[in-house]
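Q: I'm new to reading structures, and I'd like a close look at one small part of this one. Could you start from a single residue and then work outwards to the helices and the place where the chains meet?

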Amino acid sequence: MHTSIDGLDALILNRMQGDFPICEDPYADIGLALGVSGQEVLLRVRGLVDRGVVRKVGPFFDARKMQYVSTLCALHVPEKRLEEVAAVISAYPEVTHNYLRAGTPNLWFTVIAESKAAIQKIIREIEEKGGAGPVRDLPAKKMFKVKVDLKVGE
Amino acid sequence: MEKRDIELVRALQNEEIFLTERPFHEAARMLGWTVEEVLERVRGLKEAGVIRRFGAALTPRNAGFKSNSMIAWDVPDLRAEEAGSLMAEHPRVSHCYIRPRFEGFPFNIYTMVHGNSPEDLARIVDELAALAASSSYRALHSLREFKKSSPVYYPKALEPQDA
């Protein structure tokens, strides 16, 4: 457990990962359930954001329900070209994650766009501009779970 | 999506409003709607599954999960659905997908796994191996993060301008 997360922080986190109340005073609502004021909850949440524990509060959309298409891509880039190729990839707003990972292939990134054609176009451009060989396009055939809901303090 | 819903989705992507006392009032102000209209439509989008979840997202490593990895598993296709649904139920798995195999990479199920320590991660991987009935996997530990961001839906620049 992270030293800067106390008992109340953990209670707030475990509650807020699951469900943020959709009402006029959501923080007062959470506070009521935890026996503290809404202002106290909001202060704690802001603190958790400042310390980088909470990355975002808000809605998480189902891309597919909005007719967006996403995929995971992988390619292998030699070490000395890594910076350059990674920068080409990260420059696309449609690329949301881009990581160097152990093994071969070593560069893994996600693309989300309004159509399969738009994704194919980006992949082709990356292949041309990156010049690091073919990009593997690995769209999910089945999605079982996409939810970071980790119990904190257990 | 209807134009009104697109406007709402855009307003809700202003993450700073959720760090104020009354976020939906802020959204209403931005949209020129009443707060009742915002709440009703947000509930509608949640019911329709367009909003799959409302809440806080952690950065696992800053929340005490120091050892995180993407683990790709090789499970025979006939058993992949069953194995995937079992692994997805593990509380330390946040993402689980079946993806195509490719040349030199025979792995077809991808899991994001979160542990408190390397030992904890190894224990979870053992548990997943038992659930998947497969000991063939590759740990794709991240060595460097080049980018991590939230997708932006309906960016305003793409909207055709009224003449």
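A: Let's start with A:S115, which counts as exposed because just 11 other C-beta atoms lie within 10 Å, and the cut-off for exposed is 12 or fewer. Keep in mind that this is a predicted model. You'll find A:S115 in the loop between β4 (107–113) and α5 (116–130) of chain A. Now look for A:S70: it sits 45 residues from A:S115 in sequence, yet the two are 8.6 Å apart in space, going from C-alpha to C-alpha.

Next, zoom out a bit. Chain A is split into domain 1 (7–50) and domain 2 (63–137), and A:S115 falls in the stretch given to domain 2. The C-alpha centres of these two domains of chain A are 37 Å apart. Chain B has its own pair, domain 1 (3–56) and domain 2 (60–140), with C-alpha centres 34 Å apart.

Now hop over to helix α2 of chain A, residues 26–34. Its residues A:P26, A:Y27 and A:I30 are buried. Looking down the axis of α2(A), you'd see these buried residues fall within an arc of 100°, so they line one face of the helix. What do they pack against? The partners are α1 (7–18) and α3 (38–50) of chain A, along with α2 of chain B. Just after α2(A) comes A:G35, which has a positive phi, near 75°.

One of those partners deserves a second look. The axes of α2(A) and α3(A) come within 7 Å and cross at roughly 105°. That angle makes the two helices roughly perpendicular. On the α2(A) side, the residues that meet α3(A) are A:Y27, A:A28, A:I30 and A:G31, and on the α3(A) side they are A:G38, A:E40, A:V41 and A:L42. Sort the residues of this contact by class and you get 5 nonpolar, 2 polar and 1 charged.

Chain B has a helix pair to look at too. Here α2(B) and α3(B) pack at about 110°, with axes 8 Å apart, and they are therefore roughly perpendicular as well. From α2(B), the contact uses B:F24, B:H25, B:A27, B:A28 and B:L31, while α3(B) brings B:V35, B:V38, B:L39 and B:V42. This contact has 8 nonpolar residues, 1 polar and no charged ones.

Both of those helices also help cover another one. In helix α1 of chain B (residues 3–12), the buried residues are B:L8, B:V9 and B:L12. They span an arc of only 100° around the axis, which puts them on the same side of α1(B). Their cover includes α2 (23–31) and α3 (35–47) of chain B, together with β1 (54–61) of chain A.

That brings us to where the chains meet. In total, 65 residues of chain B are in contact with 65 residues of chain A. Several elements of chain B each supply at least two residues to the side that touches chain A, among them α2, α3, α4 (77–88) and β6 (142–148). The largest share, 8 residues, comes from β1(B). By class, that side of chain B has 35 nonpolar, 15 polar and 15 charged residues.

How values were computed. Residues numbered from 1 in each chain as written. Chains lettered and ligands numbered in written order. Predicted model: local features only at pLDDT ≥ 70, side-chain atom pairs only at ≥ 80, totals over all residues. Buried ≥ 20, exposed ≤ 12 C-beta atoms within 10 Å, placed from the backbone. Helix = DSSP H or I, 4+ residues; strand = E, 2+ residues; numbered from the N terminus. Arc of directions from axis to C-beta. Contact = placed C-beta atoms within 7 Å. Domains from an automatic or database assignment. Axes fitted to C-alpha atoms, helices over the stretch in contact; angles between N-to-C directions. Parallel < 35°, antiparallel > 145°, perpendicular 65-115°, else oblique. Nonpolar A, V, L, I, M, F, W, Y, C, P; charged D, E, K, R; others polar.
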